[in-house]
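Notebook open, structure loaded. I want to look up a few contacts, the strands, one helix and one pocket.

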Amino acid sequence: YHLYMTLRHEPAASRSPPMRVLALAKYGTRAASTRQRMLQYEPFLARHGVDLNLRPLLDNNYLDALMSGQPKSRTGVARSYIRRLGDLLTVGHYDTVWVQYDLLPYLPLLDGVARLVAHARCIRSR
């Protein structure tokens, strides 16, 4: 809400450089939840000088397998979690991090640790 109010009252031309937002989604762009909760706002945010970088945990290949009833690749899921940990190392390059659901769903202990690491990196980089 605060981001919306700031963008609504502050023209994009007055913000330089653009605000960089790391959007950490659970699923890729084919998932309705990602489209409804994040991607539908991308044109509005872009018009207001916000650069949205969407980084899904589970990509469209995972969704394709899920929707077709195929078994999920454990190796692919493990790679996705490793990629998400890599994404967390980049949070210092962004002005804001937008998390859909959890950073590391199904792994509550690691999710808590990841939040602490991301928070510490944000503080250290400023």
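By contact I mean heavy atoms within 4.5 Å. I keep in mind throughout that this is a predicted model.

**Entry 1: Arg-55**

I started with Arg-55, which sits in strand β2. What does Arg-55 touch, leaving aside its neighbours within four places in sequence? I found Leu-22, Ala-23, Leu-24 and Ala-25 on the list, along with Arg-83, Arg-84 and Asp-87. I also looked up the spacing to one of these: Arg-55 and Arg-83 lie 28 residues apart in sequence, with 9.3 Å between them in space, C-alpha to C-alpha. Is Arg-55 buried, exposed or in between? Its relative accessible area is 28%, so I noted Arg-55 as partly exposed; the cut-off for buried is under 20%, and exposed needs over 50%.

**Entry 2: the whole chain**

Next I stepped back for the layout. I get 6 helices and 3 strands in the chain. Read from the N terminus, the order is α-β-α-α-β-α-α-β-α. The chain has 126 residues, and 34% of them count as buried. I also checked how far apart along the sequence the contacts reach. Taking contacts between residues at least 6 apart in sequence, 75% join residues at least 24 apart.

**Entry 3: strand β1 and its partners**

Which strands does β1 pair with? I see β1 (residues 19-27) joined to β2 (residues 50-58) by 8 bridges, and the two run parallel. Strand β3 (residues 96-99) is joined to β1 by 4 bridges, also in a parallel arrangement. For single pairs, I wrote down Arg-20 opposite Asp-51 in β2, and Ala-23 with Trp-98 as its bridge partner in β3. How enclosed is β1? I count 8 of its 9 residues as buried, so β1 is largely enclosed by the rest of the structure.

**Entry 4: helix α4**

I moved on to α4 (60-68). At the start of α4, I found a side-chain oxygen of Asp-59 within 3.2 Å of the backbone nitrogen of Asn-61. Just after the helix, Gly-69 has a positive phi of about 80°. The buried residues in α4 are Asn-60, Tyr-62, Leu-63 and Ala-65. What covers them? I noted β1, β2 and α5 among the covering elements.

Tyr-62, in α4, got a closer look. Its relative accessible area is 17%, so Tyr-62 counts as buried. Not counting residues up to four places away in sequence, Tyr-62 touches Tyr-27, Lys-72 and Val-77. I also looked up Gly-28, which is 34 residues from Tyr-62 along the chain, with their C-alpha atoms 8.6 Å apart.

**Entry 5: the second largest pocket**

Last, I went to the second largest pocket, with a volume of about 160 Å³. Which elements give two or more residues to its lining? They are α4 and α5 (74-88). The lining includes Tyr-62, Lys-72 and Val-77, the three residues I had just noted together as Tyr-62 and two of its contacts. The rest of the lining is Leu-58, Asp-59, Asn-61, Ala-65, Pro-71, Ser-73, Gly-76 and Ser-80. By kind, I sorted the lining into 5 nonpolar, 4 polar and 2 charged residues.

Definitions and conventions. Residues numbered from 1 in each chain as written. Predicted model: local features only at pLDDT ≥ 70, side-chain atom pairs only at ≥ 80, totals over all residues. Heavy atoms only, no water. 1 Å grid on protein atoms, 1.4 Å probe; cavity = no way out; pocket = protein on both sides within 12 Å on 5 of 7 lines; lining within 4 Å. Points joined across faces, edges and corners; volume = space filled by probe spheres on them. Nonpolar A, V, L, I, M, F, W, Y, C, P; charged D, E, K, R; others polar. Buried < 20%, exposed > 50% of the residue type's maximum accessible area, 1.4 Å probe, protein only. Pairing = 2+ DSSP bridges. Polar contact = N/O pair within 3.5 Å; in protein donor to acceptor, adjacent residues only side chain to side chain.
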